[in-house]
Every structure is written in structure tokens, then in C-alpha cells.
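Hi everyone, thanks for making time for this. I'd like to walk you through one model today, so please have the viewer open and follow along.

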Amino acid sequence: MSVSVEPTDSASVNPPVSATAKRAGGESAGEVLRPHAEDAFAAELAALAAQDDRPRPARWRLSPWAVAMYLQGGTLPDGTVITPKYVGPRRLVEVAVTTLATDRALLLLGVPGTAKTWVSEHLAAAVSGDSTLLVQGTAGTPEEAIRYGWNYAELLAHGPSRAALVPSPVMRAMAEGMTARVEELTRIPADVQDTLITILSEKTLPIPELGSEVQAVRGFNLIATANDRDRGVNELSSALRRRFNTVVLPLPESADAEVDIVSRRVDQLGRSLDLPAAPDGIDEIRRVVTVFRELRDGVTADGRTKLKSPSGTLSTAEAISVVTNGLALAAHFGDGVLRAGDVAAGILGAVVRDPAADRVIWQEYLEAVVRERDGWKDFYRACREVSS
């Protein structure tokens with residue numbers, strides 16, 4: 001016997017674009033600090049849907065081609081500009097999207113800061129129109145977060161019943177034919193991870209307490225993310241790994257590509273936080289990116305000087321955070337122009353995670369590289385000031 005699962009927020013298989021406003025208690029997307037992707041980019045998704053005449057898998061909002069365009073950007077025939085959400089190899093995006101159109105789940109793998117969560121959210125938004133069916137993986141994530149839980153007051157009063165069952169995001173996605181997300185899969189205990197095996201292989205979730213099951217309907221799939229640096233924390237079993245197609249998201253290939261990514265995200269975050277645009281901020285962004293890339297790679301950009309790498313990841317996401325914080329400093333405590341002094345403290349905090357070892361590495365980099373670099377004197381002075 002199968003059991004139907006009603007969504008807890010009364011969303012239909014194709015929830016309206018204003019679903020976030022409902023969940024937030026009526027607030028508009030403009031009032032929410034961090035709107036979900038389907039709300040922040042609702043106009044782009046609607047424009048793509050209106051002009052998308054390609055075949056769509058069951059219950060998909062867009063065709064695979066349109067989903068890929070939504071992620072990587074482009075211009076529609078009517079002139080509508082779709083902004084890029086992910087700047088990286090197009091083939092990786094195509095493989096990820098195609099995987100979701102099959103019966104295989106998708107695992108996004110990469111070092112911290114390679115936009116795994118960002119890509120996961122935007123894929124779910126474009127495919128299902130709802131990116132909120134999310135399980136956040138931690139060391140304490142219980143089995144109920146993936147399967148289902150119980151309303152214990154109802155359970156004690158009336159025993160196991162459909163009314164007492166509390167569906168997980170994964171169960172809801174199965175019943176509604178939507179895309180579920182599991183973040184930081186390798187942080188979840190191994191026995192809880194393996195709860196996914198039956199779901200992904202048999203496309204069913206048994207409910208032995210009710211003598212029934214939930215069977216996934218067409219359109220259901222799952223996106224998981226995992227961190228390269230978490231290997232060995234809770235390694236995926238071979239049985240579970242076989243249920244995924246793995247796409248490895250790389251770090252940006254070039255400094256120009258990383259500068260473009262950081263600039264775009266800082267601009268988006270700045271608008272959401274009502275920060276003024278920083279004139280000529282691109283110069284400081286390029287400096288931050290250069291410092292991060294050189295320390296991350298263990299060699300200067302010209303290949304002439306070998307460097308020691310600090311313990312931190314120095315990811316693109318951290319560069320975005322450093323520049324955004326610098327922009328806030330410039331706006332609230334400066335003249336609105338992003339300068340070296342605005343980003344210096346943020347860089348120090350990102351690089352020096354281990355006060356003993358990392359501080360030595362940073363000081364050597366300052367004296368051997370930054371001090372000697374043409375046009376970086378102001379940056380050197382600002383970094384020395386915050387490092388002393």
C-alpha cells in the first residue's frame with residue numbers, strides 16, 4: 001500500500017513563484033535578507049519559461065537547455081538578458097542538468113568555496129521552482145531528517161497514523177515529483193547516509209509503522225553536495241556512491257574569471273544590503289583575488305617565487321566575503337571608495353587561521369612578494385598596519 005504525503009505548506013507540484021513570500025509570512029522578496037533563488041530571479045525564470053519551446057522532462061519548469069542557460073547566462077531572442085549564476089565550464093553544467101533528467105542522483109563535489117551550494121540551489125529553482133526542500137548535513141543530522149518523523153502528541157493520542165507522520169523534505173520531493181537537496185552529505189553519519197540507498201535505487205521510502213510506503217513520482221531527483229576536504233570524515237559507502245553521478249566543481253581557471261565571479265557576487269550582495277557601488281573597486285578585488293590565488297597555489301602569478309600555503313582554503317567565497325566587508329567599511333566609515341585599508345583586515349582574517357604557523361607564512365608573503373610589487377605600496381602599508 002502506498003501513502004500520499006501532503007506538503008506541509010500546501011504547495012502544489014508546481015508551486016507559485018511567490019512561495020517564499022508565503023513561507024516568510026507575507027514578506028516580499030525585496031524585504032527578505034537573502035531571497036531564495038526562485039524569488040530573487042523570478043523574472044528571469046519567467047522569461048525563460050515563456051520562450052522555452054524545447055521538450056521538458058515530467059514536472060520540470062524548464063527544459064534542460066533552458067536550465068543550463070539560466071545557470072550560465074545568455075540573451076533570449078526577445079533581448080532579455082539572463083545573468084550568469086555559475087561561471088565555469090559549460091560542459092559541467094550540461095552534465096549536471098542531464099543527470100537530473102535521468103534516474104541518477106547528482107553529487108556536486110569540490111573544495112570549499114567552489115559554489116556547490118549555490119549551484120545546487122539554482123538547479124533546484126530552475127527545475128522545480130522550489131529550492132527549499134533542503135536537508136542540511138551535520139554530525140548530528142538524524143535519520144528522521146531524510147526519512148520522516150512523528151508528531152509525538154498525535155502519536156501518543158492516536159497511535160501511528162498518517163496525521164501523526166511528519167514528512168521530511170526528501171519525502172515531500174518524492175511525493176510531489178520535485179528536486180530535494182542534501183547539503184554536506186559527508187558530514188552526515190554513515191548509517192544516516194545509507195538511508196538514501198533505498199530511496200535512490202528503488203525510488204521508494206518504506207513506512208513500516210503504517211505498513212505502507214511513499215513511491216517517488218516522475219520528476220523526483222536529489223542533489224547532494226560534499227566537500228573534498230571532508231574525505232575521511234564520513235566517507236560515502238560504495239553502495240551509496242554508485243547511486244550518484246559525481247560532478248567535480250573546480251576552482252576558477254584564471255584570475256580574470258575569479259575576478260569576474262567576485263565582482264558579480266559582491267555587486268549582488270551590495271544591492272541586497274543597500275551598500276553603494278564602489279567606484280574603481282575592481283582594482284582592490286583583483287588584489288584580493290591575486291593574494292588568494294598565489295597563497296592557494298603556493299607560487300606567485302609569474303611562477304618565479306615559491307610560497308608556503310596557509311591552512312585556510314582561501315576560496316572564491318571567502319574572497320567575496322572579504323570584498324563585501326571592505327565595501328561596507330568604505331561605505332560606513334570611509335568616503336565610499338574601496339581602498340586597500342578596507343580589505344586588509346579581511347584578508348588577514350582569511351589567511352591567518354592558525355595564529356602560529358599562518359602568521360609566519362603571511363609575514364613572509366608580505367615582505368617577499370607584496371613589498372616588492374609595483375603599485376602595491378598602499379596595500380603593503382595597510383596589511384602591515386593590521387598585521388602588527
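**A walk through the model**

Let's start in a loop: arginine 59 sits between α3 and α4. Please keep in mind as we go that this is a predicted model. The phi of arginine 59 is near 65°, which is a positive value in a residue other than glycine. As background, most residues other than glycine have a negative phi. As for its surroundings, arginine 59 counts as partly exposed, at 35% relative accessibility.

There is another residue of this kind further along. Leucine 314, in the loop between α13 (282-297) and α14, has a phi near 50°, again positive and again not a glycine. Is leucine 314 buried or exposed? It is buried, with a relative accessible area of 1%.

Back to the region after arginine 59, then, and on to helix α4, residues 64-72. This helix is mostly covered, with seven of its nine residues buried. The buried ones are Ala66, Val67, Ala68, Met69, Tyr70, Leu71 and Gln72. In a general α-helix, residues three or four places apart point the same way. In α4, though, the buried residues form the run I just read out. What do they pack against? Their partners are α2, α3 (42-51), β1 (74-75), β2 (81-82), α5 (90-100) and α6. Just after the helix comes glycine 73, with a positive phi of about 85°.

Now let me zoom out for a moment. The protein chain has 17 helices and 11 strands. Its radius of gyration is 23 Å, close to the 21 Å that the globule rule gives for 388 residues, so the chain is as compact as a globular protein of that length. The C-alpha trace spans about 75 × 50 × 40 Å along its principal axes. Of the 388 residues, 48% count as buried. And if you take the contacts with a separation of 6 or more, 71% of them are between residues 24 or more positions apart.

With that picture in mind, please find strand β3, residues 105-110. Why call it largely enclosed by the rest of the structure? Because six of its six residues are buried. In a regular strand the side chains alternate between the two faces of the sheet. Here both faces are covered: Ala105, Leu107 and Leu109 are buried on one side, and Leu106, Leu108 and Gly110 are buried on the other.

Which strands does β3 pair with? One is β11 (residues 244-248), which runs parallel to β3 and is joined to it by five bridges. In that pairing, leucine 107 has threonine 246 as its bridge partner. Another is β10 (residues 221-227), also paired with β3 in the parallel sense over five bridges. There, leucine 108 stands opposite threonine 225.

Strand β10 takes us to the largest pocket, since it is among the elements that give two or more residues to the lining. Rolling a probe the size of a water molecule over the atoms shows where empty space is left. In this case, the largest pocket holds about 1300 Å³ of space. It is lined by 48 residues, and the closest to its centre are Arg34, Trp118, Arg265, Gln268 and Leu269. Besides β10, the elements giving two or more residues are α2 (37-40), α6 (116-128), α12 (255-272) and α14 (316-333). Which of the elements gives the largest share? That is α12, with nine residues. By class, the lining has 23 nonpolar, 13 polar and 12 charged residues.

Two charged side chains to finish with, please. Arginine 287 lies in helix α13, and at 9% relative accessibility it counts as buried. Leaving out residues up to four places away in sequence, arginine 287 touches Ala340, Gly375, Trp376, Asp378 and Phe379.

Glutamate 385 belongs to helix α17 (residues 377-387). This one is exposed, with a relative accessible area of 62%. Its C-alpha atom is separated by 8.9 Å from that of glycine 341, although the two residues are 44 apart along the chain.

That's my tour, and I'm happy to go back to any of these places in the viewer.

Definitions and conventions
Residues numbered from 1 in each chain as written. Predicted model: local features only at pLDDT ≥ 70, side-chain atom pairs only at ≥ 80, totals over all residues. Heavy atoms only, no water. Buried < 20%, exposed > 50% of the residue type's maximum accessible area, 1.4 Å probe, protein only. Helix = DSSP H or I, 4+ residues; strand = E, 2+ residues; numbered from the N terminus. Pairing = 2+ DSSP bridges. 1 Å grid on protein atoms, 1.4 Å probe; cavity = no way out; pocket = protein on both sides within 12 Å on 5 of 7 lines; lining within 4 Å. Points joined across faces, edges and corners; volume = space filled by probe spheres on them. Nonpolar A, V, L, I, M, F, W, Y, C, P; charged D, E, K, R; others polar. Rg over C-alpha atoms; globule rule 2.2 N^0.38 Å. Contact = heavy atoms within 4.5 Å.
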